[in-house]
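Reader: I have a sequence and a model to look at, and I would like to work through them step by step. May I ask about one part at a time?

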Amino acid sequence: MSDHLSRNSHVATVAAFGQQHTSVSMYSATTVVRAPESVVRGRWNPAVDGFVGEDLLLNHRRSGRDLGMQLGVSRFYGHDAVLSSAHSDLQERLDGAIALPAHRRLRSGLTATVAARRSGRQFSGKPASVEELATVLWHAQGVSGSLPVPTAQDGDAAVALRNAPSGGGLYPVRLAVLAQHVRGMAPGAYEYQPHSHTLFPYQTVRPVELSRQLWTADVELDKVAFALVYVYDLYVNSQKYGDSGLVFALIEVGGISQNVHLARTSLGMIGCDQGGYDKQTLEKTLGCDGTSRHVVHLTLLGHGEA
């Protein structure tokens with residue numbers, strides 16, 4: 001046995017990894033990963049009889065003949081709905097908002113940036129500049145065009161177009177910034193307002209300790225410059241798309257997240273997505289009720305070791 005292990009040192013490594021992460025078999029290379037039922041199906045307790053992802057997919061049977069969706073979509077061609085979209089900028093609060101500098105025009109090639117994008121977790125604690133934060137936010141969700149939608153009531157009406165796609169142009173996902181080390185900005189929680197390219201404090205600005213919001217062993221959270229939290233407002237798009245609104249929102253989160261990572265890569269910053277956040281604590285921090293407004297994703301950003 002000892003001779004065999006000495007000739008195949010990887011076996012000991014696999015065994016150690018398997019003991020640390022019990023959901024992975026040490027024989028996974030030959031017998032595939034054998035994850036326990038509680039992991040695969042989400043059933044960790046007899047009283048928990050459900051797998052949310054499975055339930056969602058089973059009930060998500062989209063069809064062009066879905067009467068509810070047809071009614072919802074037709075409703076949004078009405079002039080009141082069009083004008084509501086055209087004047088969505090009025091939802092932003094300007095009194096007390098913090099103006100952001102213009103975004104930096106990134107010049108790295110798309111192919112080079114896509115190929116260089118990697119998740120990074122070794123944050124140095126070096127502060128980010130406000131310009132870097134503004135550049136990431138603008139590329140993620142900023143306004144870069146408009147679509148004319150003239151109506152009898154408003155011949156100049158136009159819908160603002162953003163840098164990430166959204167089903168029906170409804171934009172139910174908002175970005176929150178948890179700033180820790182951003183030069184010229186007090187640590188705290190802010191909401192990004194794309195139309196005015198501003199940040200609005202969620203409440204009286206006070207530091208937000210990421211270590212109280214996340215469970216992670218491979219990131220020194222106090223060295224992260226800022227985190228982006230994706231907040232989904234269910235009612236913004238479900239009135240049009242019904243249950244499909246959730247799926248469309250998650251697709252939107254993916255588009256925003258990709259823009260975030262491409263922009264920070266071009267800026268020379270590092271970042272990583274995190275799934276181990278405390279949803280309830282984060283939602284309390286951001287004033288979300290956890291019923292109609294949910295935290296659905298989180299990304300850490302900053303500078304790496306030189």
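Reader: Which element gives the most to the lining of the largest pocket?
Author: This is a predicted model, and its largest pocket is lined by 27 residues. The elements that give two or more residues to that lining include β3, β4, β5 and α10. The one that gives the most, with four residues, is α7.

Reader: How much space lies in the largest pocket?
Author: Ser84, Ser88, Gln91, Leu170 and Val236 are the lining residues that lie nearest the centre of the largest pocket. By class, the lining has twelve nonpolar, nine polar and six charged residues. The space in this pocket is about 570 Å³.

Reader: Which residues of helix α10 are buried, and why are they on the same side?
Author: Helix α10 covers residues 234–241, and four of its residues to look at are Asn237, Ser238, Lys240 and Tyr241, which are buried. They are on the same side of α10 because they cover an arc of only 160° around the axis. The buried residues are therefore on one side, and the arc is 160°.

Reader: What do the buried residues of α10 pack against?
Author: After α10 comes Gly242, which has a positive phi, near 60°. The buried residues of α10 itself have three partners in packing: α6 (67–75), β7 (226–233) and α11 (244–266).

Reader: Is Leu178 buried or exposed?
Author: Leu178 has its place in strand β4, residues 173–179. Buried means under 20% relative accessible area. The value for Leu178 is 1%, so this residue counts as buried.

Reader: What separates the C-alpha atoms of Leu178 and Leu210?
Author: Leaving aside neighbours within four places in sequence, the residues in contact with Leu178 include Gly188, Val208, Leu210, Phe226 and Leu286. Leu210 is 32 residues from Leu178 along the chain. Their C-alpha atoms are separated by 8.2 Å.

Reader: What is the phi of Tyr171?
Author: Tyr171 is in the loop between β3 (158–162) and β4. Most residues other than glycine have a negative phi. Tyr171 is not a glycine, yet its phi is positive, about 50°.

Reader: Where is His197, and what is its relative accessibility?
Author: His197 is not a glycine either, and has a positive phi of about 50°. His197 is found in the loop between β5 (188–193) and β6 (198–201). This residue counts as buried, because its relative accessibility is 14%.

Reader: Is Pro165 buried or exposed?
Author: Pro165 lies in the loop between β3 and β4. Its C-alpha atom is 8.9 Å from that of Gln141, and the two residues are 24 apart along the chain. The cut-off for exposed is over 50% relative accessible area. Pro165 has 61%, so this residue is exposed.

Reader: What percentage of the residues in the protein chain is buried?
Author: The protein chain has twelve helices and nine strands. Its accessible surface comes to about 17100 Å², and 55% of that belongs to carbon and sulfur atoms. Of the 306 residues in the chain, the buried ones make up 39%.

Reader: Among contacts between residues at least 6 apart in sequence, what percentage joins residues at least 24 apart?
Author: Leu178 and Leu210 are one pair in contact, and they are 32 residues apart along the chain. Among contacts in the protein chain between residues at least 6 apart in sequence, those that join residues at least 24 apart make up 71%.

Methods:
Residues numbered from 1 in each chain as written. Predicted model: local features only at pLDDT ≥ 70, side-chain atom pairs only at ≥ 80, totals over all residues. Heavy atoms only, no water. Buried < 20%, exposed > 50% of the residue type's maximum accessible area, 1.4 Å probe, protein only. Arc of directions from axis to C-beta. Contact = heavy atoms within 4.5 Å. Areas by Shrake-Rupley, 256 points an atom, 1.4 Å probe, with all protein chains shown as cover. 1 Å grid on protein atoms, 1.4 Å probe; cavity = no way out; pocket = protein on both sides within 12 Å on 5 of 7 lines; lining within 4 Å. Points joined across faces, edges and corners; volume = space filled by probe spheres on them. Nonpolar A, V, L, I, M, F, W, Y, C, P; charged D, E, K, R; others polar.
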